[in-house]
Amino acid sequence: MTTLTFDASTDPILERRRQIQGIARASVSRRKTYSKIALGICWATLVIALIPLVAIIVYTVVKGIAAWNWTFFSQPTKPEGIPGGGIWNALVGTVIIGAVATIVTIPLGLLGGLYLAESDGRIAAAVRFTADLMTGVPSILMGIFGYIALVKVFGYSGLVGAFAIGMIMLPIIMRACETAIRGVPGHLNEAGLALGARRFTIARRVIVPAALPGILTGGLLAIARGVGETAPLLFTIFGTLYTQWNPTKVMNALPLVIFNDSSSPYPDQLQIAWGAALLLMVMVLVLSIGSRLLAAHLQKERR
Amino acid sequence: MTTDSFTPADIEDDVNLSTGEVFPDRSVGHPVMQLKDVAVSFAGRTAVRNVSFDVRDRQITALIGPSGSGKTTLLRALNRMHDTVRTAKVTGQVLLGDTDVYAPSTDPTLLRSRVGMVFQRPNPFPTMSIYENTVAGLRFNGVRKKSLLDEAAESSLVAAALWDSVKDRQKAHASTLSGGEQQRLCIARALAVEPEVLLMDEPTSALDPIATKRIEELIGELKNRVTIIIVTHNMQQAMRVSDQCAFLLMGEDKAGELIEFDATAKLFSEPDDARTLDYVNGRFG
């Protein structure tokens, strides 16, 4: 091996290296200070952002847990001023309305999302834009729309409520499905095409299964959003003191109970409202965490 | 496993007589980086282990081996790129000169200004011009002096064989360059910080044969300036460009291991290990 020694002090590269490393070393303490300040600001804003969130959760849990007992879950609501009663009728209503809305909107949203993901035409752009607008529309408009379009014709019912809730859920599901389907690598589509498969066959057998974690997560989050909505139900399901299993009749729902009872002057009703708020919060939490666990589980299964 | 290592007697420091400052020895072949039983694991699963060898100054060291043998994982351990992966754990010792790379007192950002990296795909910063890309590392490290920036930009663009084609359009966006030119810009960007060691992770795998040839020629020319460690899946490339060669292979438990380290000429003609012979003769991998 050749050994080549030379005067290090005159080598231009070495000279510049020494200069640059000197500047880098000198600036590192300044950069570290900036980094600490920036990190401090991040933490401070995080705490500020968390205060209202934690306060809401803690307050609801503390107030709501007092209402939770067997009567609360097993008895229907009582009229204002009458002590006792529970939320059984509202829970039944929420589950049925949520289920109907989900059964209708998931297939529609999936097909719509598939269309949006597979098409880049003008119609798709218009649909996408409309869907984005609809996610931003105040939910009370959905309630009024349901009232004018359906209640005026068919009367108050759980189905009309499910329709209004579905209007909220549909664009969310559609966009979630589109994102999930777009996330599937294009070469899978090409692999299918090269085997002589039709586009819909590829979508059904390859693309949608691959996008399933995202689709399910989006779907569950949309349900969580839907069951928590109050305004669309205000004008559509009317509310009832009976435990109504038939969605073609007037129904009650948890958000409606919270809305009505929280403005009541009677402590019993206020108690019920807190309990219902906690129940709704837990339901949404379970759906959100469940969607994440499901997605993580599905992802893991594929490795 | 063969490991060539230098005895302390080989290490002679140059002393600047006017300042008394000690500069590390700059004789070619002096070990600038030493790996001692390096292992990398992710979430408890070992990805590569048992790696010990010396990287010699202004020589080119190639890491070869089939997919999954841990070449890239090992390379990224040398400038602490695994720091960003929470589950990653590096054990053993990596020395850069006198600096223990994984010592708690070692600042990873300062370390990376001394150990540069070029990636598989050209990744120039999309919003920056050619000039801004070249001096980006200097700016990140606090260099503000225009004369130093300009000097480093020209020097590194010349070294990356890009100066002649871009000197009149340094304000143009980096995206206006071809793939090969973009990769040479990334090499210039890494060189501008004047690192002591340059890590190259399959730098030609995304390039066409002509661009590959130019980069390979370039790597040979850069030898005088910087010590290079290159990962390549292409044995011919390792043979063409490298002085020393490390052969890694995936063990039975899926963890990569160093099988042999030797001068490239010897490793490719008469390796000590039968598995190396099989691999360099294309019998597997």
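Select chain A and colour by burial: buried residues make up 35% of its 303 residues. Keep in mind that this is a predicted model. The predictor gives the complex an ipTM of 0.81 and a pTM of 0.75.

**Chain A, whole**

Switch to cartoon. Chain A has 11 helices and zero strands. From the N terminus on, its elements run α-α-α-α-α-α-α-α-α-α-α. The radius of gyration is 28 Å, well over the 19 Å that the globule rule gives for 303 residues, so chain A is more spread out than a compact globule. Draw a box along the principal axes. The C-alpha atoms fill roughly 100 × 60 × 35 Å. Now turn on contacts. Among those in chain A between residues at least 6 apart in sequence, 75% join residues at least 24 apart.

**Helix H3 of chain A**

Select residues 88-118 of chain A, which form H3. How far apart are the end C-alpha atoms of this helix? They are 44 Å apart; 31 residues at 1.5 Å a residue should span 45 Å, so the two figures agree. Next, look along the axis. H3(A) bends by about 30° at A:Thr105. Show A:Pro107 too: this proline follows the bend within four residues.

**Helix H10 of chain A**

Move to residues 254-262 of chain A. This is H10, mostly covered, with seven of its nine residues buried. Show the buried ones as sticks: A:Leu254, A:Pro255, A:Leu256, A:Val257, A:Ile258, A:Asn260 and A:Asp261. What do they pack against? Bring up H3, H8 (199-228), H9 (231-234) and H11 (267-301) of chain A: the buried residues of H10(A) pack against these helices.

**A:Ile172**

Centre on A:Ile172, in helix H6 (residues 158-182) of chain A. Is this residue buried or exposed? A:Ile172 has 22 other C-beta atoms within 10 Å, and the cut-off for burial is 20 or more, so it counts as buried. Leave aside neighbours within four places in sequence. A:Ile172 is then in contact with A:Thr135, A:Gly218, A:Ala222 and A:Arg225. Add a distance to A:Ala117. The two residues are 55 apart in sequence and 14 Å apart in space, C-alpha to C-alpha.

**Chain B, confidence first**

Switch to chain B and colour by pLDDT. The average is 89, and 90% of the residues score at least 70. Now select residues 1-23 of chain B. Here pLDDT stays under 50, and the model has 34 contacts beyond four places in sequence for this stretch. Where pLDDT is low, the predicted coordinates should not be read in detail.

**The sheet of chain B**

Show the strands. An open sheet of 10 strands has the order E7-E6-E3-E4-E12-E11-E5-E10-E9-E8 (chain B), with mixed pairing. Its edge strands are E7 (99-100) and E8 (115-118) of chain B, each pairing on one side only.

Start from the E7 edge. E6(B) and E7(B) pair in the antiparallel sense over two bridges. B:Leu95 has B:Asp100 in E7(B) as its bridge partner.

Step inward to E3 (residues 31-42) of chain B. Eight bridges join E3(B) to E6 (residues 88-96) of chain B, and the two run antiparallel. Label B:Phe42, which stands opposite B:Ala88 in E6(B).

Now look at the other neighbour of E3(B). Eight bridges join E3(B) to E4 (residues 45-56) of chain B, again antiparallel. B:Val38 stands opposite B:Val51 in E4(B). Zoom in on the turn. E3(B) and E4(B) form a hairpin with two residues between them. What is the sign of phi at B:Ala43 in that turn? It is positive, at about 50°.

**The E8 side**

Go across to E9 (residues 197-201) of chain B. E9(B) is mostly covered: five of its five residues are buried. In a regular strand the side chains alternate between the two faces of the sheet. Check both faces here. B:Val197, B:Leu199 and B:Asp201 are buried on one side, B:Leu198 and B:Met200 on the other.

Then add the neighbours. E8(B) and E9(B) pair in the parallel sense over four bridges. Five bridges join E9(B) to E10 (residues 227-231) of chain B, also parallel. Finish on B:Leu198. This residue is the bridge partner of B:Gly116, and B:Leu198 also stands opposite B:Ile228 in E10(B).

Notes. Residues are numbered from 1 along each chain as its sequence is written. Chains are lettered from A and ligands numbered from 1 in the order in which they are written. This is a predicted model: local features need pLDDT of at least 70, side-chain atom pairs count only at pLDDT 80 or more; totals for chains, interfaces and linings use all residues. Two strands pair if DSSP finds at least two bridges between them. pLDDT is the predictor's confidence in each residue, from 0 to 100. Two residues are in contact if their C-beta atoms, placed from the backbone, lie within 7 Å. The expected span of a helix is 1.5 Å times one less than its number of residues. The bend at a residue is the angle between axes fitted to the seven residues ending there and the seven starting there. The radius of gyration is taken over C-alpha atoms; the globule rule is 2.2 Å times the number of residues to the power 0.38. A residue is buried if 20 or more other C-beta atoms lie within 10 Å of its own, exposed if 12 or fewer, and partly exposed in between; C-beta atoms are placed from the backbone.
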